[in-house]
Amino acid sequence: MGEKRYVCAIDQGTTSSRCIIFDHRGEIVASHQLEHRQFFPQAGWVEHDPMEVWEKTKMVISETLRKSKISYERIASVGITNQRETTVVWDRKTGRPLYNAIVWQDTRTADIIDELAVGGDRACFRGKVGLPLATYFSGPKLRWIFDHVTGAKEAAESGEALFGTMDSWVLWWLTGGPDGGVHVTDPTNASRTMLMNIETLEWDREMLDVMGVPEAVLPEIRPSSDPGLYGYTRSDGPFGGEIPLAGILGDQQAALFGQTCYAPGEAKSTYGTGGFLLLNTGEEAVQSEHGLLTTVGYKVGDDPAVYALEGSIAVAGSLVQWFRDNLNLIDQAPQINQLAEEVEDSGGVYVVPAFSGLFAPYWNSRARGIIAGLTHYVNKSHLARAVLESTAYQVAELIEAMEKDSGVRLTELKVDGGMVASELLMQFQADILDTRVVRPRVTETTALGAAYAAGLAVGFWSNRDDLRRNWQVGKVWEPRMEQKRREELIHGWKKAVQRTIDWVD
């Protein structure tokens, strides 16, 4: 069975969608990826066209099947992983979005956040939902759509409109769309809306009232790996036949699952468009005292939910894109490494990319980015290095907060995502953390996590021990920086961050 059958993952990300087919060993058999457009209608606003995302998703599925020469009958199950918090509302009868998808990076809800903060306290709902009030999350975005899109609130109340994060949007279309589409999500995505109770894993009546959200618009919350199955792909859809859909995980939780961080205290850091550090805290939802998020890590079938502490960085890989597209200092993203390797350090320069405010551990939506420490000596190579180092500093701050919250000293950090191809960044990360950094052999851990969730649900893999056996080390970086130098660099970074806070009045 293992040799003949496969599992498919759809990874609907912030800048692209891809489809990957994995074999029983967790190795990639075939994949295809397509970018979609980013819209920036105003400063701080970020949108996607949901119909374009769905069209690109269909295309990557068809092309992956073509490349693999695998027929749908040999695919045991399909899993979905997705950019989290990105919010779309659509018409149940036509499938047309009522507005563009509002992306997780979008900061237009700053005024709603201020309005909802009881007595100015951004943490007022943290005990119930595990999250501070921030522009990042879906609930305030949904509220914005109801406040600004004519007829949206009425359509939601009458059940004519549906809300979802991108997992729900893709799954609804895969299962028939207007013709019987299934409207579900999983606890990892639901835990990012500010609408789900973090303990009961159900939509919370009080939070729905606070945000002004009618329950009729919401998807059903089902396990991340669901032996009961969400539904089946349609024979008239991109797979060309009926395949069980049985796994959904928000992208960062999918990476945690794909990195096989199944024991409390195990952590992974993903270096993608943003940067995301997750620490498994077991069956306890640990409330953070240091600016981290309490989130659902995953829920397998009827087993209790496993929770995680998460540190989120808004801008990581997207800073390299900005360096390429806005400053035009390189033609292709990987060239930043060649530039950075021309110098021994950043020449005292720090880049703090608070383009849409600061996420964890500061949660300051009025911060804006700066380049600090410029002198005549500095050239574009120093800037390139500072751009890469920026992500490592941000991750170091998250780990510092995590160790304070959990009382656990991290002994190694498992890493994944596009930026882990940068050897310079990974070495600097090990140096600035004074901790071993480990990259797995298969670095597409987000898609792999979704595949694992889907495969577990249908018995393609027997249990999590099967999945652990698949995980293999690709490369290890050991720290080699002197403590004094490390402390000087971190001190400089923290000084630079302070200069960004509350820049916008």
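## Exercises on two sheets, a helix and two residues

Over three bridges, strand 19 (residues 412-416) pairs with strand 20 (residues 436-440) in the parallel sense; strands here are DSSP runs of E with at least two residues, helices are runs of H or I with at least four residues, and both are numbered from the N terminus, while two strands pair if DSSP finds at least two bridges between them. The model is a predicted one, in which local features need pLDDT of at least 70, side-chain atom pairs count only at pLDDT 80 or more, and totals for chains, interfaces and linings use all residues. Residues are numbered from 1 along each chain as its sequence is written, and side-chain values use heavy atoms, with hydrogens and water left out.

**Exercise 1.** Place strand 19 and strand 20 in their sheet, and find which strands stand at its edges.

*Solution.* Begin with a single pair of residues: Leu413 has Val437 in strand 20 as its bridge partner. Next, widen the view to the open sheet of seven strands, which has the order 15-16-14-13-19-20-21 and mixed pairing. Strand 15 (293-298) and strand 21 (473-477) are at the edges, and because each has a single partner strand, one side of each is left without a neighbour in the sheet. From one strand to the next, the twist averages 30 degrees.

**Exercise 2.** Find the helix that holds His382, state how that helix lies on the sheet, and decide whether His382 is buried or exposed.

*Solution.* His382 belongs to helix 12 (residues 380-406). Helix 12 lies across strand 13 (267-271), strand 14 (275-282), strand 16 (306-313) and strand 19, and runs at about 145 degrees to strand 16; such angles run from 0 to 180 degrees between N-to-C directions, with axes fitted to C-alpha atoms, for helices over the stretch in contact. His382 is buried, since its relative accessible area is 2%, where buried means under 20%, exposed over 50%, and partly exposed in between, with a 1.4 Å probe and protein chains only. Leaving aside neighbours within four places in sequence, His382 is in contact (heavy atoms within 4.5 Å) with Val343, Asp345, Ser346, Gly347 and Tyr377. The side chains of His382 and Tyr377 are joined by a polar contact of 3.4 Å, a term for a pair of N or O atoms within 3.5 Å, of which, within protein, one must be able to donate a hydrogen and the other to accept it, residues adjacent in sequence counting only if both atoms are side-chain atoms.

**Exercise 3.** Describe the surroundings of Arg366.

*Solution.* Arg366 sits in the loop between strand 17 (350-352) and strand 18 (370-372). With a relative accessible area of 24%, Arg366 is partly exposed. When residues up to four places away in sequence are not counted, Arg366 touches Ala110, Asp111, Asp114, Thr500, Asp502, Trp503, Val504 and Asp505.

**Exercise 4.** Work out the order of the six-stranded sheet, and follow the pairing of strand 5 and strand 12.

*Solution.* The six strands form an open sheet in the order 3-2-1-5-12-11, with mixed pairing. Strand 3 (28-35) and strand 11 (231-232) are its edge strands, each pairing on one side only. Strand 5 (residues 75-82) and strand 12 (residues 244-250) run parallel and are joined by five bridges, and Gly79 has Gly247 in strand 12 as its bridge partner. Helix 9 (residues 251-258) lies across strand 5 and strand 12, at about 105 degrees to strand 12.
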